[in-house]
Amino acid sequence: MSTMPFSATDFRRRAVAHGAAPVEEAWREHGDILLNPGVIPMLEGLTLKDAAVLVPVIDDADGAKVIFTQRTAKLRKHSGQIAFPGGGMDAEDRTPEVAALRETEEEIGLHRSFVETVGRLPYYMAMSGFRITPVLAVVRRGFSIVPNPDEVDAVFEVPLSFLMNPDNHIVGSSVWQGRERHYYRMPYGERNIWGITAGIVRTLYERLYA
């Protein structure tokens, strides 16, 4: 694998080094929570369901790519949005890694034999009721993608170099429950990466690349 900047080799090295850092309480210190500090007491008062997503970084010689999905419009939560593959943790999921790999296989058909998990980011606390663990992974080419039409409309890739460039992290705002909320968005071609997914990407940048 290449050792060029934004290669999968470099990503793995950074992720493994970061893995020893404490992450349990770090969700208050990174990502879009810094744009909305007033929501911290609200989040701390919620009963959140555990979830996990995979942040799949493809090992390509010309620079790493990251896999994203576009959720179907018929889903009850976050319909139509850009997302990492993942979902709620089941009782039999021993770890977030197990949940993220299972959900990824179910959603897009990416078999776990092509995936090497290399670390985690701090929790992402979502006002929609989830405490999300982002699981960092390196993906070997040769895999097949078979989207589950009940959950996923499209699967696409974005260069890691684009995502880790802070010039591409745009701050937007909207009114939610009567209050102005701020969020990151990262337009890429016809896709608009925003919300929870962009918040996780921003945390990845702050923890591993800033």
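Arg185 stands opposite Trp194 of strand 11. Strand 11 covers residues 191–194, and its partner is strand 10, residues 179–188. The two pair in the antiparallel sense over 4 bridges (strands pair if DSSP finds at least two bridges between them). Helices (H or I, at least four residues) and strands (E, at least two) are DSSP runs, numbered from the N terminus.

This is a predicted model: local features need pLDDT of at least 70, side-chain atom pairs count only at pLDDT 80 or more, and totals for chains, interfaces and linings use all residues. Residues are numbered from 1 along each chain as its sequence is written, and side-chain values use heavy atoms, with hydrogens and water left out.

**Strands 10 and 11**

- Pro187 has Asn192 of strand 11 as its bridge partner.
- The hairpin of strand 10 and strand 11 has 2 residues between the strands. Gly189 takes a positive phi near 60° there.
- In a regular strand the side chains alternate between the two faces of the sheet.
- Strand 11 shows this alternation: Arg191 and Ile193 point to one face and are buried. Asn192 and Trp194 point to the other face and are not buried.
- Buried means under 20% relative accessible area, exposed means over 50%, and partly exposed lies in between (1.4 Å probe, protein chains only).

**Helix 5**

- Helix 5 spans residues 195–209, 15 residues in total.
- Its expected span is 21 Å at 1.5 Å a residue (1.5 Å times one less than the number of residues). The end C-alpha atoms are 20 Å apart, which agrees.
- 15 of the 15 residues of helix 5 are buried, so the helix is largely enclosed by the rest of the structure.

**Aromatic pairs**

- A search of the whole structure finds 6 aromatic pairs. Rings of Phe, Tyr and Trp (its six-membered ring) pair if their centres lie within 6.5 Å; planes under 30 degrees apart count as stacked, over 60 as edge-to-face and the rest as tilted.
- Phe6 and Tyr209 form a stacked pair, 5.6 Å centre to centre with 25° between the planes.
- That pair links distant parts of the chain, 203 residues apart. Phe6 sits in the segment before helix 1 (8–18), and Tyr209 sits in helix 5.
- Phe6 is partly exposed at 25% relative accessibility. Tyr209 is buried at 13%.
- Phe162 and Tyr188 have ring centres 5.0 Å apart and planes at 65°, so the pair is edge-to-face.
- Phe162 lies in helix 4 (residues 160–163) and Tyr188 in strand 10, so the pair ties together parts that are 26 residues apart in sequence.
- Phe162 is buried, with a relative accessible area of 18%. Tyr188 is partly exposed, at 29%.
- Ring pairs also link Phe68, Phe84 and Phe156 into a cluster.

**Charges over rings**

- A charge sits over a ring if NZ of Lys or CZ of Arg is within 6 Å of the ring centre and within 35 degrees of the ring normal.
- Arg191 lies over the face of Phe156, at 4.5 Å from the ring centre.
- Arg131 lies over the face of Tyr123, at 4.5 Å from the ring centre.

**Two buried residues**

- Gly31 lies in the loop between helix 1 and helix 2 (40–44). Its relative accessible area is 1%, so Gly31 is buried.
- The C-alpha atoms of Gly31 and Thr203 are separated by 4.6 Å, although the residues are 172 apart along the chain.
- Not counting residues up to four places away in sequence, Gly31 touches Tyr184, Gly199, Arg202, Thr203 and Glu206. Contact means heavy atoms within 4.5 Å.
- Val139 is found in strand 7 (residues 130–139). Val139 is buried, with a relative accessible area of 0%.
- Leaving aside neighbours within four places in sequence, the contacts of Val139 include Pro56, Ile58, Leu110 and Phe114.
- Val139 and Leu208 are 69 residues apart in sequence and 18 Å apart in space, C-alpha to C-alpha.

**Whole chain**

- The protein chain has 5 helices and 11 strands.
- Its C-alpha trace spans about 50 × 35 × 35 Å along the principal axes.
- A compact globule of 210 residues would have a radius of gyration near 17 Å; the protein chain has 16 Å, which agrees. The radius is taken over C-alpha atoms, and the globule rule is 2.2 Å times the number of residues to the power 0.38.
- Of the 210 residues, 52% count as buried.
- Among contacts between residues at least 6 apart in sequence, 66% join residues at least 24 apart.
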